[in-house]
Amino acid sequence: MLMDLEGTDQSAFLSGEGVLKASKKVDMESDSLDLNINYNSEKFMVPNRKIRLQTFPRELAMKLIDEIPELEGAVHDFSHSLYVVKGDGLIRYGIGKGEDMYLVACDREALLKGAVARACLKLEEVLYVKGITLNSHMLVLDVGAAPGAWTEYLSKKVHHVVAIDPGKLDQNVLAGNVTHICKKAQDSMADLVMWTTGRNFDLLVCDMNKHPVEAAEIIVPLLKFLKYGSFLIVTLKFHGRGKNKDDKVGELKSIFGASLKEMDCIWLLANSIYERTFVGRRK
């Protein structure tokens with residue numbers, strides 16, 4: 001199958017109109033995959049073709065990499081993805097075009113150009129995925145803003161950004177349309193009342209380094225300053241690889257339930273393995 005990437009019979013797949021796939025019956029209790037993958041290494045390593053390996057469960061990745069050293073589990077700028085899934089007595093595997101693996105393309109260097117930190121990648125991507133358009137009339141609240149990557153990005157696209165954080169913002173962030181409230185969010189209520197006299201915020205974003213539940217509890221009192229129908233965007237930072245992310249997301253939906261609708265939790269390309277991005281709209 002890997003060799004067929006170069007074959008003329010796979011023209012539909014290579015043009016993006018089809019997906020090359022197959023399956024094989026396996027012994028689910030065995031440690032051996034027994035896929036009988038025979039390939040020509042020179043033909044497999046086609047110039048300008050980089051194959052990224054995605055498996056479920058993850059343990060399959062190491063077994064396949066041992067057999068096919070040219071495969072990599074976390075390569076960037078890949079041309080194709082090899083998917084391998086074990087379940088129901090079968091191993092199913094298929095190849096897809098790399099550009100179809102994520103909701104948006106991975107162009108990290110372009111997105112990082114001139115940014116204070118890598119964090120701006122997450123904001124860029126979630127705005128695209130959720131179809132949120134920024135404009136020069138918007139007033140935006142950035143909670144936990146330091147060192148200021150999201151604030152900097154937003155300040156170039158909206159009317160004004162109010163950034164809350166007791167820490168310092170990078171000097172390059174402090175533009176004329178950025179106000180830094182150098183306090184904890186919990187101590188900023190009087191300042192926000194002043195800022196929202198006559199109008200509420202059009203967008204509330206948060207990328208603070210807090211446990212998701214703690215971050216949610218900080219944000220809830222601030223939602224009264226957000227316009228009805230406007231978006232909240234929060235990076236959820238899970239500490240460790242625990243399998244309770246779904247439980248925590250359910251807990252967050254309960255915490256936000258009285259104030260938000262259309263809540264969604266997304267694993268963005270720009271999120272780390274420990275992160276998800278939570279989005280909701282003010283009721």
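This short presentation describes the fold, the nonpolar cores and some backbone features of one predicted protein model.

Good morning, colleagues. I shall begin with confidence, since the structure before us is a predicted model. The protein chain has an average pLDDT of 78, and 71% of the residues reach at least 70. Two stretches remain under 50 throughout. One is residues 1-22, for which the model has 48 contacts beyond four places in sequence. The other is residues 36-46, where 21 contacts of that kind are found.

Let me turn to the hairpin. Strand β3, residues 80-87, and strand β4 run antiparallel and are joined by eight bridges. One of the paired positions is leucine 82, whose bridge partner in β4 is isoleucine 95. Two residues separate the strands of this hairpin, and aspartate 88, in the turn, has a positive phi of about 55°. How covered is strand β4, residues 90-97? Six of its eight residues are buried, so to speak of it as mostly covered is fair, given that buried here means under 20% relative accessible area.

I now come to the open sheet. It has seven strands with mixed pairing, and reading across it gives the order β7-β6-β5-β8-β9-β11-β10. The edges are β7, residues 178-181, and β10, residues 260-266, each of which pairs on one side only. From one strand to the next, the twist averages 15°. Within this sheet, β5 (residues 139-143) pairs with β8 (residues 201-206) in the parallel sense, over four bridges. At one position of that pairing, valine 143 stands opposite cysteine 206 in β8. Helix α8, residues 212-219, packs on the sheet, where it touches β8 and β9 (226-237). The direction of α8 makes about 155° with that of β9.

The next topic is the nonpolar interior. In soluble globular proteins, nonpolar side chains tend to be buried together. In this model the largest nonpolar core has 30 residues, and those touching the most other members are Leu192, Leu204, Leu232 and Phe256. Which elements supply at least two residues each to this core? They are β5, β6 (160-164), β8, α8, β9 and α9 (245-256). Helix α8 gives the most, with five residues. Leucine 204 merits a closer look. Beyond its neighbours within four places in sequence, leucine 204 is in contact with Leu141, Val143, Ile219, Leu222, Leu223, Leu226, Phe231, Leu232 and Ile233. There is also a second, separate core of 23 residues, and its members include Leu134, Val205, Phe231 and Ile233. Leucine 204 therefore touches residues of that second core, Phe231 and Ile233 among them, with contact taken as heavy atoms within 4.5 Å.

Finally, I wish to note some backbone details. Where are the cis peptide bonds I would point out? One runs from phenylalanine 56 to proline 57, with omega near -5°. Proline 57 belongs to the loop between β2 (51-56) and α3 (59-67). Another runs from alanine 146 to proline 147, with omega near 0°. Proline 147 sits in the loop that lies between β5 and α6 (149-155). Glutamate 262, although not a glycine, has a positive phi of about 50°. This glutamate 262 is part of strand β10, which is one of the edge strands of the open sheet.

That concludes my remarks, and I thank you for your attention.

Definitions and conventions. Residues numbered from 1 in each chain as written. Predicted model: local features only at pLDDT ≥ 70, side-chain atom pairs only at ≥ 80, totals over all residues. Heavy atoms only, no water. Buried < 20%, exposed > 50% of the residue type's maximum accessible area, 1.4 Å probe, protein only. Pairing = 2+ DSSP bridges. Axes fitted to C-alpha atoms, helices over the stretch in contact; angles between N-to-C directions. pLDDT = per-residue confidence, 0-100. Core = buried A, V, L, I, M, F, W, Y, C linked by side-chain atoms within 4.5 Å.
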